[in-house]
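Colleague: I would like to learn how to read a structure with chains and ligands in it. Can we go through it feature by feature?

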Amino acid sequence: MKVLVIAEHDNGKLAGATLNAVTAAQAFGAPVHVLVAGHDTAAVAGEAAGLAGVAEIIAVDAAHYRDQSAENLAVLVADVVRGEGFTGVVAGGTSFGKNLAPRTAALLDVAPVSDVVSIAGAGRYVRPVYAGNVMVTVESDEAIQVITVRTTAFAAAPSGGAAGVRERAPAADLGVSRLLGRELSKSERPELAAARVVVSGGRGLGSGEKYREVLEPLADRLGAALGASRAAVDAGYVPNDYQVGQTGKIVAPDLYVAVGISGAIQHLAGMKDSKVIVAINKDPDAPIFQVADFGLVGDLFEAVPQLADGLAAG
Amino acid sequence: MKILVPVKRVVDYNVKVRVKSDRSGVELAGVKMAINPFDEISVEEAVRLKEAGIATEVVAVSCGSAASQETLRTALAMGADRAILVETDAELQPLAVGKLLKAVADREQPQLVICGKQAIDDDANQTGQILAALMGWAQATFASKLCVEGETLRVTREVDGGLETLELKLPAVVTSDLRLNEPRYATLPNIMKAKKKPLDVIPAADLGVDIAPRLRHSQYSEPPVRKAGIKVADVADLIARLRNDAKVI
Ligand SMILES: Cc1cc2nc3c(=O)[nH]c(=O)nc-3n(C[C@H](O)[C@H](O)[C@H](O)COP(=O)(O)OP(=O)(O)OC[C@H]3O[C@@H](n4cnc5c(N)ncnc54)[C@H](O)[C@@H]3O)c2cc1C
Ligand SMILES: Nc1ncnc2c1ncn2[C@@H]1O[C@H](COP(=O)(O)O)[C@@H](O)[C@H]1O
């Protein structure tokens with residue numbers, strides 16, 4: 001077997017999810033190669049080459065890979081896989097990986113497996129279904145295994161490698177889609193999916209102003225990333241990339257603080273693997289308390305500032 | 001422009017499913033079923049495009065057992081013009097659904113297919129991308145805004161870092177995210193009208209594609225339940241416990 005990890009990056013920097021994907025790929029017990037396709041991505045290839053356990057970097061540079069369109073990348077990955085005899089393809093279970101992996105698998109006529117949380121060898125996986133209420137063991141005899149992996153289920157690959165970088169010619173530009181622009185949230189805070197502490201707010205916050213006024217001081221104290229329920233995102237308190245849950249981001253921090261969130265199963269799906277869960281809610285019967293290690297029943301507008309102050313006092 | 005909207009019949013999102021005692025699957029007997037919530041959003045979007053004079057026809061299609069007719073009637077009641085059931089009692093996995101949908105798209109020649117981003121039962125998030133690949137079409141997954149401009153489509157996508165806007169050549173496949181729109185409720189008169197709208201049934205075997213499952217789901221289980229925690233007395237108590245018991249701050 002020979003495994004290809006698809007690097008996720010912005011042409012300048014490798015995304016954290018790729019480090020998790022490299023660790024997951026090791027579970028196949030076969031050499032792990034990393035494909036870095038983009039434009040002017042020497043720095044990214046260098047970063048990937050420095051990861052422990054990576055055998056080789058395959059670098060493909062062309063203007064039509066700059067924006068990472070699934071159409072062009074899928075054709076390239078399928079070409080590399082067929083041309084070089086790869087039998088495994090691994091990508092992080094991020095919006096990038098979810099967009100690309102199934103398209104690639106279809107070009108290879110194999111069934112992809114999404115959101116894998118454990119790998120017991122090639123073709124034997126466990127993944128969540130039904131919003132994480134059920135885990136299923138999946139067995140696949142496909143000649144080429146194409147999977148995305150849940151990043152929180154695999155540690156980040158450490159550095160310490162010194163793989164070579166080999167350049168490869170690009171595949172054709174299909175020219176069927178074009179990036180017009182990106183509006184990426186800028187934040188000084190840690191990345192939500194990988195943060196050690198997450199403070200999340202729900203509809204109970206009442207407005208975007210209140211969300212920021214109440215939660216930011218607490219997040220500052222804890223060095224936390226900020227997250228949200230779907231209700232808070234739908235109501236426009238915060239941008240979409242804050243959403244935690246079945247259809248948002250999956251997080252598993254050491255500490256998750258849920259503020260004014262009721263705890264619908266779709267929300268729990270995204271955070272119930274956190275080490276310690278704190279819930280602050282005025283409704284003692286809110287389902288969030290069933291998964292919280294420490295529940296505080298009370299008005300969040302009083303409790304959260306007190307908590308932030310209490311932490312400041314040391 | 002003709003729009004094809006694939007809709008899946010799934011366990012209602014309010015139901016907490018249980019694994020069967022022999023672990024061979026989940027208990028579906030007597031469980032409330034519904035149209036996949038993302039597919040409801042897709043139907044809404046297609047119907048709005050029709051109401052705006054951009055789409056000429058909205059065709060809902062479902063692959064599965066005869067019971068999926070119910071799901072198609074929901075789509076018709078929301079405003080789809082007609083429906084197609086690709087009928088089979090066999091287990092369908094996303095690659096097979098993608099192939100069946102391709103066969104339907106080859107017949108129907110839509111300019112746009114709007115899938116859901118994911119089915120809330122298998123949580124696969126694959127079918128739209130698979131269909132787009134098989135058709136050789138452009139794709140825009142996780143759409144929160146969609147606008148047709150002549151021969152092109154402008155789609156805003158929800159990605160991990162925020163939003164991104166793409167311009168796609170038509171025909172194309174879009175997958176809908178939660179914030180694309182808020183689906184309407186079907187009114188009683190529209191539910192009645194939907195009963196008379198055309199619903200064609202095509203046996204899956206007639207489409208001549210290989211739909212045999214490629215993956216085996218050998219064992220289902222429920223994840224370990226978190227053990228219930230405690231309610232703290234006040235904020236000071238919470239801080240003390242986080243420091244001394246949990247040692248996370
Ligand atoms: C297909 C589908 C996918 C979904 N995906 C997701 C997902 O990925 N993520 C997600 O989060 N949701 C998701 N949802 C939505 C989910 O079902 C819930 O509707 C949502 O999580 C509710 O958000 P909430 O807890 O903020 O709001 P509510 O359920 O309205 O809860 C608000 C809570 O705030 C408390 N509160 C109010 N005021 C105060 C106060 N002053 N002090 C303390 N507490 C207060 C209330 O007691 C209540 O418990 C999805 C739904 C569907 C159908
Ligand atoms: N059996 C099916 N019939 C019709 N559409 C389907 C079916 N399965 C999946 N789809 C479509 O593909 C989307 C994504 O499903 P999935 O890839 O299973 O998560 C759904 O929201 C539907 O639009």
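Modeller: Start with the interface. This is a predicted model. Across the interface of chain B and chain A, 48 residue pairs are in polar contact, both partners being at pLDDT 80 or more.

Colleague: Which elements of chain B supply at least two residues each to the side that touches chain A?

Modeller: Helices and strands both appear. The helices are α3 (94-108), α4 (127-135) and α6 (235-244) of chain B. The strands are β7 (138-149), β8 (152-159), β9 (162-169), β12 (215-221) and β13 (230-231) of chain B. With eight residues, β9(B) gives the most to this side.

Colleague: How does that side of chain B divide by class?

Modeller: Sort its residues by side-chain type. The side of chain B that touches chain A has 37 nonpolar, 15 polar and 22 charged residues.

Colleague: Charged residues suggest a look at ion pairs. How many salt bridges are there between chain B and chain A?

Modeller: The criterion is a side-chain nitrogen of Lys or Arg within 4 Å of a carboxyl oxygen of Asp or Glu. The count between the two chains is nine. One of them joins A:R178 to B:E167, with the closest N and O atoms 3.1 Å apart.

Colleague: What about the extent of the contact? How many residues does each chain give?

Modeller: Chain A gives 80 residues and chain B gives 74. Then turn to area. About 6700 Å² is buried between the chains, and carbon and sulfur atoms give 53% of that. In chain B, the residues that lose the most area to chain A are B:D160, B:R216 and B:R226. Together they make up 11% of what that side buries.

Colleague: Now the ligands. Why is the site of ligand 1 called shared?

Modeller: Check which chains line a site. Ligand 1 is surrounded by residues from chains A and B, so its site is shared between chains.

Colleague: Which residues come nearest to ligand 1?

Modeller: There are 29 residues around ligand 1, and the nearest are A:R203, A:S229, A:T247, A:S262 and A:N281. Next, read the polar atoms. A side-chain N or O atom of A:R203 is 2.7 Å from an oxygen atom of ligand 1. For A:S229, a polar side-chain atom lies 2.5 Å from a ligand 1 oxygen. A:R230 uses a polar backbone atom, 2.9 Å from an oxygen atom of ligand 1.

Colleague: How much of the accessible area of ligand 1 does the protein cover?

Modeller: Compare the ligand on its own with the ligand in place. Ligand 1 on its own has 990 Å² of accessible area, and the protein covers 85% of it. Elements giving two or more residues to its shell are α6 (230-234), α7 (265-268) and α8 (300-312) of chain A, together with α1 (37-51) of chain B. By class, that shell holds ten nonpolar, 14 polar and five charged residues.

Colleague: Let me try the same reading on ligand 2. Which residues come nearest?

Modeller: Ligand 2 has 18 residues around it, with B:D39, B:C63, B:A119, B:N125 and B:T127 nearest. Look for side-chain and backbone partners again. A polar side-chain atom of B:T127 is 2.7 Å from an oxygen atom of ligand 2. From the backbone, a polar atom of B:G116 is 2.9 Å from a ligand 2 oxygen, and an N or O atom of B:A124 is 3.4 Å from one. The protein covers 98% of the 480 Å² that ligand 2 has accessible on its own.

Colleague: Which element gives the largest share of that shell?

Modeller: β4(B) does, with three residues. The shell residues divide into eight nonpolar, seven polar and three charged.

Key. Residues are numbered from 1 along each chain as its sequence is written. Chains are lettered from A and ligands numbered from 1 in the order in which they are written. This is a predicted model: local features need pLDDT of at least 70, side-chain atom pairs count only at pLDDT 80 or more; totals for chains, interfaces and linings use all residues. Side-chain values use heavy atoms; hydrogens and water are left out. A residue is near a molecule or strand if one of its heavy atoms lies within 4 Å of it. A polar contact is a pair of N or O atoms within 3.5 Å; within protein, one must be able to donate a hydrogen and the other to accept it, and residues adjacent in sequence count only if both atoms are side-chain atoms. Accessible areas come from the Shrake-Rupley method with a 1.4 Å probe; for residues, only the protein chains shown count as cover. Helices (H or I, at least four residues) and strands (E, at least two) are DSSP runs, numbered from the N terminus. Ala, Val, Leu, Ile, Met, Phe, Trp, Tyr, Cys and Pro count as nonpolar, Asp, Glu, Lys and Arg as charged, and the others, Gly among them, as polar. Contact means heavy atoms within 4.5 Å. Buried area is the accessible area (1.4 Å probe) that two parts lose on being put together, summed over both.
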